[in-house]
Structure formats: C-alpha cells, structure tokens
Amino acid sequence: MRRWELIVGNWKMNGMVETARSLTDEIRVGLSQREERQLLCEVVISPPFTALHAVHQHLQDSSIKLGAQNMSAQQSGAFTGEICGLMLRDVGCRYVILGHSERRSLFGETDQSVMEKVVAAYVNGLTPIVCLGEGREDRDGGRTLDVVGRQMDAIFPALPDSASKQQQLVVAYEPVWAIGTGLTATTGQIQEVHAFLRKQIQEKLGSTVSRKIRILYGGSVNAGNAKEILALEDVDGALIGGAALKAKEFLSIIDSVPGDA
Ligand code: PGA
C-alpha cells in the first residue's frame, strides 16, 4: 500500500531572507505547474527561523507547507535564544524537524531531549518529523538496527493516546554517514531499516497506525537517485538537504515520486 508521500526540504543554515523568497517562488511556481504531483505528494520546505515569516507570506495560495528545523521543548519564558512551538505556529509552521543528527552530534541533543520536543510539538499542533540514524562505526560494526531501534523506542512515550494523532508522526531515517557526503545507503540497506522500523511501530502501536505512519529516507538524496529510493516499499518520501537548495533539482525529486499512489 502506498502512503501519501512527503517530500521535505531542509535548508539548514543557508540563505538570507531575499534568497529564501526567491527559492520559495521558484518551487511554488514549479509545483503549481505540476497539478498531478500535488495529488501524489505533500511538499514541505524548512527554511532557517529568520526566513520563516517571509517564506510563509510567499506560500499563500500554495499547497506547500512550512516547517521549522528545530524547536524548544519549553512553552515560554526565560530561555534565551530559544524558539517555542507556539512561535512556530504563529509564523505559519505546520511541521517541525526534530532530532536531526546535526542537532544530536553538534548540539548535544539526546533521545530524552528529542522525546520532550516531540511532546511539545504535539501540544502545539505541529507535526514532528523525527530523525534517526546510525553513524559509520555503528553501521560497520553491525549495530544499525540496535541504534535506530533505540532511537525509535525513545519516541513512543511522547505520543498522544489517540491513534489518529499517532499516525501523524513522521519518522526520517537518515544514516549519519550519508548526510551531506554524496554517499547514499543502498536500496537494500534503506528498505531493511524502514521495514524494521515499521515492524517496531506495529508492535508498539498496532497495524492500523504502522500502515499510516510515513517513514522518510534522508542522506544525499538527489535528482539522480530519488526515483529508485522513493519506489521502495517502505519509503514514503524523502528529507532533502543540499538538493533542496536548488529549485530545479528539488522539483525533479518531486517528479520522481511514484505515480501508483
Ligand atoms: P543531504 O542532507 O541531503 O544534504 O545529505 C539531508 C539532511 O540532513 O536532512
């Protein structure tokens, strides 16, 4: 069964407001010329915080949704430098990327802090896109499924009781060694991890929810490899970094979403 695919552009710490506006316009116009694509997939773009408001204004009358790249687990108050979920909603965000490997490795995020952010995302009506994935050493040491299994397990306590809310969760499998390196996991490696995660979700939340939850792949996805990755049975979309900064390439990835939805 094909789920409604989700294509997410993670712009990371790139772009001034003006470049964010023009990139948004290019993607918006390109997608509006592809009506059939809008039925096959949902598109989210995640600019830096400073461009969220401007990008939101340029997304009026577009089916493209806005996402943030991180948020605080706190609701408000004395947390200098932080941005809370309510603020993200206020500028038009519907999605938030949480636990990206760069946040885990460079900014000390842990399974516990990611879990707390997932709670806050739900509280504020944001759909969390939770990233997980193994590093090179764990891949080489045969520990991939242990690592992603542990990261996935840490998310379950954050989920609301309602099945309809649980199935909104988006999981993004991103092998750390494939992010920004030009190395992509093989289709066999990707499908193995995605099927493993879906089974884990099924054991914990039941098959109705596990059939609906979207599991994205991320890590050097580009116009050349998107088609075979997106065609995999348990891959329901992609989280795209570098290739999301070029409108033409991002649109070409959207063109690679399988048509048998
Ligand atoms: P990449 O980044 O596509 O540049 O590898 C993916 C990500 O970090 O989400």
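Against which helices and strands do the buried residues of helix 3 pack? In this predicted model, helix 3 spans residues 49-58, and its buried residues are A51, L52, A54 and V55. These buried residues pack against helix 1, strand 2 (41-46) and strand 3 (65-68), and also against helix 4 (85-90) and strand 4 (93-98). As background to the spacing of such positions, an α-helix has 3.6 residues a turn, so residues three or four places apart point the same way.

**Overall fold**

The protein chain as a whole comprises 13 helices and eight strands. Its radius of gyration is 17 Å, which agrees with the value near 18 Å that a compact globule of 261 residues would have. Along the principal axes, the C-alpha atoms occupy a box of roughly 45 × 45 × 35 Å. Burial applies to 54% of the 261 residues, and among the contacts with a separation of 6 or more, 73% join residues that are 24 or more positions apart. The area exposed by the protein chain comes to about 11,600 Å², of which carbon and sulfur atoms supply 51%. As for charge, there are 27 positive and 31 negative charges, and their mean positions lie 3 Å apart.

**Salt bridges**

The structure contains 20 salt bridges, and three of them are set out below with the separation of their N and O atoms.

| Salt bridge | N to O separation |
|---|---|
| R3 with D234 | 3.9 Å |
| D255 with R34 | 2.8 Å |
| E109 with K117 | 2.8 Å |

Where in the chain do the partners R3 and D234 lie? The salt bridge between R3 and D234, with its closest N and O atoms 3.9 Å apart, brings in two separate parts of the chain. R3 belongs to the segment before strand 1 (5-10), whereas D234 sits in the loop between helix 12 (226-230) and strand 8 (237-240), so the pair ties together parts that are 231 residues apart in sequence. Both R3 and D234 are buried.

The side chains of D255 and R34 likewise meet in a salt bridge, at 2.8 Å from N to O. Since D255 lies in helix 13 (residues 247-255) and R34 in the loop between helix 1 (17-32) and helix 2 (35-40), this pair ties together parts that are 221 residues apart in sequence. D255 is partly exposed, its relative accessible area being 34%.

In the salt bridge of E109 with K117, the closest N and O atoms are 2.8 Å apart. E109 counts as buried because its relative accessibility is 9%, under the 20% limit, and K117, at 8% relative accessibility, counts as buried too. Elsewhere, salt bridges that share partners join R3, R198, D234 and D236 into one network.

**The surroundings of V235**

Is V235 buried or exposed? V235 is placed in the loop between helix 12 and strand 8, and with a relative accessibility of 0% it counts as buried. When its neighbours within four places in sequence are left aside, V235 has contacts with R2, E5, I190, H194, I215, Y217, I229 and L230. The C-alpha atom of V235 is also separated by 9.9 Å from that of V193, the two residues being 42 residues apart along the chain. The loop between helix 12 and strand 8 thus holds V235 as well as D234, the salt-bridge partner of R3.

Conventions
Residues are numbered from 1 along each chain as its sequence is written. This is a predicted model: local features need pLDDT of at least 70, side-chain atom pairs count only at pLDDT 80 or more; totals for chains, interfaces and linings use all residues. Side-chain values use heavy atoms; hydrogens and water are left out. Helices (H or I, at least four residues) and strands (E, at least two) are DSSP runs, numbered from the N terminus. The radius of gyration is taken over C-alpha atoms; the globule rule is 2.2 Å times the number of residues to the power 0.38. Buried means under 20% relative accessible area, exposed over 50%, partly exposed in between (1.4 Å probe, protein chains only). Contact means heavy atoms within 4.5 Å. Accessible areas come from the Shrake-Rupley method with a 1.4 Å probe; for residues, only the protein chains shown count as cover. Lys and Arg count as positive and Asp and Glu as negative; His and the chain ends are not counted. The place of a charge is taken as NZ of Lys, CZ of Arg, CG of Asp or CD of Glu. A salt bridge is a side-chain nitrogen of Lys or Arg within 4 Å of a carboxyl oxygen of Asp or Glu.
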